[in-house]
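User: Please take a close look at one part of this model. I would like a connected account of a salt bridge and its surroundings.

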Amino acid sequence: MTDHPVDQPPAHLADEGAADSSDHGPGSFIDWEFARVTAARLAGPGPKVTAGEAAAIVADLRRAAEASHDPVAATSRLHSPAGSAPVLVVDRAGWASANVGSMRELLDPVVAKMTAGMPSQPTPAMASMGGKVTGAETGALLAFMASKVLGQYDLAPAGHPRLLLVAPNIVQAEREMGVSPHDFRLWVAMHEETHRVQFTAVPWLREHMIERSRTLAIDLAPTPGELADRLQQIVARLPEALQPGSTGLAEIFLTPEQKAKIAEITAVMSLLEGHADVVMDDVGPSVIPSVAQIREKFTQRRAGLGHIDRLIRRLLGLEAKMRQYADGAVFVRAVVERVGIDGFNAVWTSPDTLPTAAEMADPQAWVARVHG
C-alpha cells in the first residue's frame, strides 16, 4: 500500500479529510509542522493493499463503528447525545497529524514554563533550527506511536473530539494474529466506541481529564534552572527507567508528591481502559462470534513484543499503560459483581466518585465509600 495525502481519492487506508494538519509554522520551540511531516515520513504506510481493498477496508471499519454503537450502549447502559464526536478512519500519517494539534495544546504551556526567564533568547535563525530539531524528535515519537495504535478517542483540547480508527494497524494486527477481519474490526470499534460514550455521555469528564493532564504536565516540567540537573539525573539513572515495572523516564526525577498525582490520574485512565476492555468482551459471541479467540490472541500479542520494542515502550511509559487495561478490568468486574452495572455507573457521577489509586487495588473500598 502506498500512503497518499488524505485529501486524495482513497487508494489508501483512510477517510478523505481525516487528518488535521495543525500547521503552526516554524520558529517556535517545537516546529509542529516539521513534526507532522517527520511523523508521516517515518511511520511508514503499513501493510500492502490494492486500491479496491483499501476502499473496502475503510468502508468495513466505518460499518463496524456504526454497528458498535447500540451494543456498547446496551452493555454499558451509557447513552451519548446523537451526533456527538464523529468517527474517522485514518492512516498512520493521518493519526499523527490529528495528534499534533492535541499534543501542542498540552505542551505549549509546558514549553512556556521551561523557557520563561531564560538568560538569553536565541536569534530567529537559531530558534528556527532548534524548532526543527525538537520537531524532528517529536515527529519520531509520533511515528512510533502511529505504527502501534489501533484506535483512539482524541479529546482534542482546543478542537472537536473525534474517534479515530487507524486502518493500517488494524489490518496488520488481524493478519498477524490470523483472526476474522470482520470480528476483529468490530471488536476494536467496540473498545473505541466505549471511550466515545464515556466522554460524551459523561459531560464533565473530558474537561476534567484535559485540565488534570495539563496541570500535571506543567507541574512536571523543569524550569531553565532545573533543566541541567534533570539531564544529569536521566544520564545517571537511565537503567532504572529500563527495569520491568518502571513508569518510564519520568519516574527518574519525580518527587513523592508528583508520583502521588500521577498515581491518581493513572487510576482514572486505568478505569477508562479497563471499562472499555470489559465492555468489548461482554458484548459477547452473539455479536462477535470469535470474541474469546480474539481476546486470547490479542493478549498473547501484547506479551510477545520484541526486546527493542519492549525497551522503547518501557522508556516511554507505555508498558505501564498496558497494565492499565488489566488493572482497570479487574476493578470494573469486581465492582459490577458486588453492586451491578447500575451501581458501577455511579463512578460517572462526579470527579469525587472516580476511584482513587488505592481504591483501584481495593474495589470494595470504592464500593464502601460511594455506596455505603
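Is Arg-185 buried or exposed, going by its relative accessibility? Please also describe its partner and set the pair beside other salt bridges of the chain.

Analyst: This is a predicted model, and what follows should be read with that in mind. Arg-185 is buried, with a relative accessibility of 9%. The cut-off for this class is under 20% relative accessible area. The side chain of Arg-185 forms a salt bridge with that of Glu-174, with an N to O distance of 2.6 Å. Arg-185 belongs to helix H6, which spans residues 181–201, while Glu-174 belongs to helix H5, residues 167–177, so the salt bridge ties together parts that lie 11 residues apart in sequence. Glu-174 is buried as well, at 5% relative accessibility.

The pair is part of a wider arrangement. Arg-185 and Glu-174 are linked with Asp-60 and Arg-63 in a network of salt bridges. In the structure as a whole, the search finds 14 salt bridges.

Another of these joins Asp-281 and Arg-295, whose side chains meet at 2.9 Å, N to O. Here Asp-281 sits in helix H9 (residues 256–282) and Arg-295 in helix H10 (residues 291–303), and the two are 14 residues apart. Arg-295 is buried, its relative accessibility being 17%.

A further salt bridge has its partners in other accessibility classes. Arg-77 pairs with Asp-342, and their closest N and O atoms are 2.9 Å apart. This salt bridge links distant parts of the chain, 265 residues apart: Arg-77 is in the loop between helix H2 (51–76) and strand E1 (87–90), and Asp-342 is in helix H12 (residues 318–344). Arg-77 is partly exposed, with 45% relative accessible area, and Asp-342 is exposed at 52%.

For the setting, the chain has 14 helices and three strands. Of its 372 residues, 47% are buried, and Arg-185 and Glu-174 each count as buried. Among contacts between residues at least 6 apart in sequence, 76% join residues at least 24 apart. The accessible surface of the chain is about 16,800 Å², and carbon and sulfur atoms account for 61% of that area.

To return to the part in question: Arg-185 in helix H6 and Glu-174 in helix H5 meet in a salt bridge, and both residues belong to the network with Asp-60 and Arg-63.

Definitions and conventions. Residues numbered from 1 in each chain as written. Predicted model: local features only at pLDDT ≥ 70, side-chain atom pairs only at ≥ 80, totals over all residues. Heavy atoms only, no water. Helix = DSSP H or I, 4+ residues; strand = E, 2+ residues; numbered from the N terminus. Buried < 20%, exposed > 50% of the residue type's maximum accessible area, 1.4 Å probe, protein only. Contact = heavy atoms within 4.5 Å. Areas by Shrake-Rupley, 256 points an atom, 1.4 Å probe, with all protein chains shown as cover. Salt bridge = Lys/Arg side-chain N within 4 Å of Asp/Glu carboxyl O.
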